[in-house]
Structure formats: structure tokens, C-alpha cells
Amino acid sequence: MEKKFRRIGVLTSGGDAPGMNAAIKSVTAAALAHGVEVVGIIGGYRGLIDNNVKYLTTADVADIVSRGGTALYSARCTEFMEEAGIMKAVETCKKHEIDGMVVIGGDGTFRGAYDLSAKGIPCIGLPGTIDNDITATDVTIGFDTAMTTGMNLCDKLRDTCESHSRCNVVELMGRNAGYIALNVGAAVNAVAVVTKEIPFDKEACYARMKKLRAAGQQSFIVVVAEGVGADFGEQFVKEIEENTGIEARFCRPAHILRGGVPTLRDRVFAAKVGAYAVEMLLQGKSNIVICERKGDICECDLDVAFTVDRMYKGKMKPEELDKHSPEEIAYMEALCEERRKEFKELYDTVELICC
Ligand code: ATP
């Protein structure tokens, strides 16, 4: 341990995700095991600005792992995005003698952590978002539960679609990524999956549905990722009816995907990254996000995580690469290629087996 840590902070921020509680528990237990006190920040960066904190004991986190949501609450806080807000947050950290922070959330949360660490508070990020849209990591906390919830919902819709010989178009969360939609589509044997990542051929979809109906198929599920656009799903229902003659309905489970009992996979991942983050913080590390890559828990520099994310989403400006080494650039390009390949392969499988 390079520096004597006496106290660390932990917060959850951005959209909540099932499994965040397992991460809070893991961070708290690991820190306490090292004799380090844990300050739970209530309501994300808002709580840090308002000095809304609770010192956590093992008893506080003993029974939270099986619950969805976040016991530390979450919030979106624009004040933290301004200098004055960050300085108030720094004051709270100083007041409680917080030597480092573990922040659990998505990309926005990590940008906040980056700013906070620039003010002298070491920060480590844990990927907590149902969307799985953090390119640096293979999975995020909450992704597995959200997919399972989406699958169960579609199975229920399938029952009623079958009884009424209908199609149901289901829009699933994922503003910036179609991972939930694609995986659920594969799991429920959707007739089509619509995502931002891959161009969608409506005519081919109608032709497939008509062929399957002629062969006797009664029910159809179409899964649409939220990121495709607010009106796409509802509009597509009308177009399916007009172009195939098959009755169709629309369903938007929205925030239901965020709730519920976290799956084993999410809890175990959260437990691993939570404990790992504490070890890293105590070793003097900062400005990293804890990731899973090919089954291994590892760290990724926040700068690299931000750039690879923008690179993958096509938002990166060429000058953003200036601060990166040739090795980092090669790593990021390879990772983006890998992500695209994985997505396309699963998409092609869904196309092959859809009905
Ligand atoms: P999700 O993927 O669920 O949306 P997120 O962490 O990306 O999670 P955001 O609402 O984007 O969610 O960000 C969470 C919080 O992080 C914001 O409310 C704000 O307090 C802080 N934040 C976001 N972007 C920045 C930024 N560019 N600079 C500083 N702080 C930021």
C-alpha cells in the first residue's frame, strides 16, 4: 500500500442498474477488511455537493445484494458539471478526509470522476449501466439482468401473440447501443431485430413474415433498440400491418428493464470489480475503469476508455488521438473491430434462425 488510506467514498450515479448494490457491498466489505472506512455518498454527485453522506458498516450492506436499484440512490446532477459544483464536491471530500472514491455508473459518471481526480481526489470507475455501452469492457453491471428481464417479457408477449396470431414489436432500452435488443432477440427467436448499429431492411422483414405465416406460423416478435428513434417502433407496427396483413401491437417496457432482482452473473461481476477497485485505489491508482476482457478483470485508463468509446460510436475527432501512444491507438482500433465483429456475428445468427 503506497499511501495510508483512512477513508474512501463510494457513490452510484447516472441510470441505476441491478447489481449496483452488489458493487457497493463489495467495495464496502473490501475496504473495511483493509481497515479503511467507507463513506457512502447519497444520490451520486448531488450528494457529494450537498454533503449528503452516510458512513457504511458491514451491517448496512449485509442484505442489499439481492435487491435491484441502488441503496445509495442515484441522480443526474448538472451542477457537478460546472467548476463551482466540483469545488463543493471537493470540499465534502476534504471535510470527511476521503482519500479516494469509487464511482459506479456509466460514461457520464466517469467524466465526472475524471474532473474530480484532476482536483486531487483519486477516482476509480466501475461500469454500471444496463446498456453495456462502455466499449472498454465486455460487460457492465446490470446488463445481464436487463437482458433476462427483456427475455422474460418477450416470452410473455409470445404467449399472447400466439393465441391471437399477432406480431408484437417490443422496444427495449439502449440509447446508444443495441446489445440488449440483439441478445434478447437471439434468446426469444425474434423475427427481426432493429438496431442503430446495422442497417435494417424492412422489405426483407415483411417478406420473411409473410413466408412464415404462409407456412403456418402464428406469432412474431420484433425487437427494436431504443436508440433507433422514439417513433420507430410505433410506426413500424402500422407498416407491418399494411405490408403483411398481420395484426401487430407495440410494447415499450422502458424502465422495467432497469429493475428487479439482479442475476447471479451481475452480482458476481459486481463483487469482483468492487473488490478489485479497492485494491487498485489502495495501491495508489486513479483515473481507471475496472473492466472485464475475455473473462479476466483488468483496468483501463479512463483516457483510453473515453477515446475508444467515441471511436466505436463514430464520434471521435482525429486530434483526440494525439494524446495516445501508437500502442494505445492500435489497441483501441483492434477493440472497435472486435466489438463490430461480435455484434455482426450475433446479428447474422439471429437473421439465420429468426422466425
Ligand atoms: P447512463 O449510462 O445510465 O446514462 P451515465 O453515468 O452516463 O449513466 P449521465 O447522466 O450521463 O449518466 O452522467 C451521470 C452524472 O455524471 C451527471 O448527472 C453529472 O453529474 C456527471 N457528468 C456527466 N457528464 C459529465 C461531464 N462531461 N463532466 C462532468 N460530470 C459529468
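Which helix contributes the largest share of the shell around the ligand? The legends below begin with that helix and then turn to single residues elsewhere in this predicted model.

**View 1. The shell around the ligand.** Helix H5, which spans residues 107–118, supplies the largest share of the shell, namely six residues. The ligand is surrounded by 17 residues, of which Arg-76, Cys-77, Gly-106, Gly-108 and Thr-109 come nearest. By residue class, the shell consists of four nonpolar, eight polar and five charged residues. The space that the ligand takes is the largest pocket.

**View 2. Polar contacts of the ligand.** A polar backbone atom of Cys-77 is 2.6 Å from an oxygen atom of the ligand. The side chain of Asp-115 places an N or O atom 3.4 Å from a nitrogen atom of the ligand. At Thr-129, a polar side-chain atom lies 3.5 Å from an oxygen atom of the ligand. On its own the ligand has 620 Å² of accessible area, and the protein covers 82% of this area.

**View 3. Arg-208 and the backbone of Val-191.** Arg-208 has its place in helix H8, residues 202–214. Is Arg-208 buried or exposed? Arg-208 counts as buried because its relative accessibility is 18%, and the cut-off for a buried residue is under 20%. A polar atom of the Arg-208 side chain lies 2.5 Å from the backbone oxygen of Val-191.

**View 4. Met-209 in helix H8.** Helix H8 also holds Met-209. Met-209 has a relative accessible area of 0% and is therefore buried. From Met-209 to Asp-266 the C-alpha distance is 35 Å, with their positions 57 residues apart in sequence.

**View 5. Tyr-73, a residue with positive phi.** Tyr-73 occupies a place in the loop between helix H3 (58–61) and helix H4 (83–95). Its phi is near 60°, a positive value in a residue other than glycine. The relative accessible area of Tyr-73 is 54%, so this residue is exposed; the cut-off for that class is over 50%.

**View 6. Ala-254, with a positive phi in another loop.** The loop between strand S9 (248–251) and helix H10 (264–282) contains Ala-254. Although Ala-254 is not a glycine, it has a positive phi of about 45°. Ala-254 is partly exposed because its relative accessible area is 27%.

**View 7. Leu-182 and Val-350.** Leu-182 belongs to helix H7, residues 179–188. With a relative accessibility of 1%, Leu-182 counts as buried. What distance separates the C-alpha atoms of Leu-182 and Val-350? These C-alpha atoms are separated by 8.1 Å, while the two residues are 168 residues apart along the chain.

**View 8. Ala-23 and Ile-329.** Ala-23 is part of helix H1, residues 20–33. Its relative accessibility is 0%, and Ala-23 therefore counts as buried. In sequence, Ala-23 and Ile-329 are 306 residues apart; in space, they are 31 Å apart from C-alpha to C-alpha.

Notes: Residues numbered from 1 in each chain as written. Predicted model: local features only at pLDDT ≥ 70, side-chain atom pairs only at ≥ 80, totals over all residues. Heavy atoms only, no water. Near = heavy atom within 4 Å. Polar contact = N/O pair within 3.5 Å; in protein donor to acceptor, adjacent residues only side chain to side chain. Areas by Shrake-Rupley, 256 points an atom, 1.4 Å probe, with all protein chains shown as cover. 1 Å grid on protein atoms, 1.4 Å probe; cavity = no way out; pocket = protein on both sides within 12 Å on 5 of 7 lines; lining within 4 Å. Sits in = over half its atoms within 2 Å of the grid points. Helix = DSSP H or I, 4+ residues; strand = E, 2+ residues; numbered from the N terminus. Nonpolar A, V, L, I, M, F, W, Y, C, P; charged D, E, K, R; others polar. Buried < 20%, exposed > 50% of the residue type's maximum accessible area, 1.4 Å probe, protein only.
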